[in-house]
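Work through the exercises below with the sequence and the structure side by side, and try each task before reading its solution.

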Amino acid sequence: MKTKFRKAALAAAVAGVFAGASGGVQAAAFALIEQNASGMGNAYAGAAAVAEDASTIFFNPAGLARLTAPQVVVAGHVVAVSTEFSNSGASTAPTLIGTLGGNGGDAGDTVFIPNAYFSMPIDERLSIGVGLNAPFGLATEYDADWVGRFQGIKSELMTINVNPTVAYRVNDMVSVGAGISYQTLDAELTNKVNGAAFGDFGAEYNAVLEADDAAWGWNIGALFDVSPTTTIGVSYRSTMDYTLEGSVTVTSPGGAVVGPASGAAEADVTLPDMFSVSLVQAINDRLDLLADVTYTRWSEIKDIRIIDPATGATRDTLVLNFDDSYRYSIGVNYKYTDRLMLKAGVAFDESPVSDADRTVRLPDDDRTWVALGGSYRLNDRSKLDFGYAHLFVSDVPIDQDRGNAAAFGRVVGSYDASIDILSVQYTHNF
């Protein structure tokens, strides 16, 4: 019985990074669509067809061929997330642990996400550029004594993506583009571990896991001016294949490191690919209609096998059962004056997470975006973009024990969540 508890304790510590990596805060699951501020006001409708500035490197690299001068784009996003759990029958690991624990407080956080891009035309047809952004991310933290502490407390994940790009204008109607991505991933996860795993009944041990890796990927796209008033864009971003390597450290209440449960951990993880189709339709000289559909192949992540790299033995298998998802958005641009453009948009962002597979590190559900924004031309070379979005998230249920309530407890209840995003961007042409 003690061996079973020890295996469960190590699984609790190691599994956090991979399940937690799926607990994103802006787009569904853990993808970050906040890659510029010029698209925020439209809820990113038409993002693969607009080619408004050098941030098109992320949304559709073919758009670089539409930019006529060297350009720098710098953007920042303040993302405020509220995620609150309400208990309706949860229980902790039952082996003489006396405190049930609270609801965890607000597990959300306020984070800052930056982006930067540079583009330069080589001649009338060929352009190059590079983007620096964060396509995936997570930052959540519950109170350390909450009822679900054996399944997760802190979940922090950060990616940094460098994306050199080239684009070519084939003719007046067609442009194509491609890029490569070098992306790093760093994660830190914490949770409590049932002391019964080590014969210390009634005690709560601490587990911290840190893991990282780097991966290569690519993106391609094309733009089609099908008429003087209609542009269609298509783009694709590849999967990113990681072998996350790190270590888990389990400590007793007194701070002593527990040898049997501490050590190296490794898992192969594939982050999903994405395909987008966008439309920009000019209604008249002042008004544009924008639309977008983006497909994300989250079904790449069904389960994750966690191993001991020294022996190859399986320490745990996380069953996530993600489904593929779609994001739908529509928006408008209205040219109020020669300097000021007003923007608005709505979006529906499907979650890949089902009710049956929801975890405390991923209390995710569908999101509905409502966004407003605009752009103001400061002078002939510089422009300021701004946008605000509120994301409505339905209350969602959870009933999760990870298949072993004795080790992980059982979290039963519901989540109430909301998200607010404020974005600002400066664009300068040389």
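**Exercise 1. Determine whether Gly148 is buried or exposed, and describe its surroundings.**

Solution. Gly148 has a relative accessible area of 0%, so it is buried, where buried means under 20% relative accessible area, exposed over 50%, and partly exposed in between (1.4 Å probe, protein chains only). Next, place Gly148 along the chain: it lies in the loop between strand 4 (137–141) and strand 5 (154–169), helices (H or I, at least four residues) and strands (E, at least two) being DSSP runs numbered from the N terminus. Then look beyond its neighbours within four places in sequence, where Gly148 is in contact with Val360 and Val411; contact means heavy atoms within 4.5 Å. Finally, Gly104 is 44 residues away from Gly148 in sequence, yet the two C-alpha atoms are 7.9 Å apart in space.

The model is predicted, so local features need pLDDT of at least 70 and side-chain atom pairs count only at pLDDT 80 or more, while totals for chains, interfaces and linings use all residues. Residues are numbered from 1 along each chain as its sequence is written, and side-chain values use heavy atoms, with hydrogens and water left out.

**Exercise 2. Describe the chain as a whole, and compare its radius of gyration with that of a compact globule.**

Solution. Begin with the elements: the chain has 4 helices and 19 strands. Of its 430 residues, 54% count as buried. For a chain of 430 residues, a compact globule would have a radius of gyration near 22 Å, and the 23 Å of this chain agrees with that; the radius is taken over C-alpha atoms, and the rule is 2.2 Å times the number of residues to the power 0.38. Along the principal axes, the C-alpha atoms fill a box of roughly 75 × 40 × 30 Å.

**Exercise 3. Find the largest nonpolar core and the strands that supply it.**

Solution. A nonpolar core is a set of buried Ala, Val, Leu, Ile, Met, Phe, Trp, Tyr and Cys residues joined through side-chain atoms within 4.5 Å. The largest one has 38 residues, and those with the most contacts inside it are Phe136, Phe198, Val250, Leu271 and Trp298. At least two residues of this core come from each of strand 6 (174–194), strand 7 (204–227), strand 9 (240–251), strand 10 (263–271) and strand 13 (303–307). Apart from it lies another core of 27 residues, including Ala43 and Ile419.

**Exercise 4. Describe the largest cavity and its lining.**

Solution. On a 1 Å grid over the protein atoms alone, a cavity is a set of points where a 1.4 Å probe fits but cannot get out, and lining residues have an atom within 4 Å of a point. The search of the whole structure finds 5 cavities of 30 Å³ or more, and the largest has a volume of about 460 Å³, a volume being the space filled by probe spheres set on the points, which are joined across faces, edges and corners. Its lining has 33 residues, with Ile33, Phe58, Met274, Thr294 and Thr296 nearest the centre. Strand 15 gives the largest share of that lining, 4 residues.

**Exercise 5. Which sign does phi take at Arg402?**

Solution. As background, most residues other than glycine have a negative phi. Arg402 is not a glycine, yet its phi is positive, at about 55 degrees. Arg402 is found in the loop between strand 18 and helix 4 (405–408), and its relative accessibility of 27% makes it partly exposed.

Technical notes. On a 1 Å grid over the protein atoms alone, a cavity is a set of points where a 1.4 Å probe fits but cannot get out, and a pocket is an open set with protein on both sides within 12 Å along at least five of seven lines; lining residues have an atom within 4 Å of a point.
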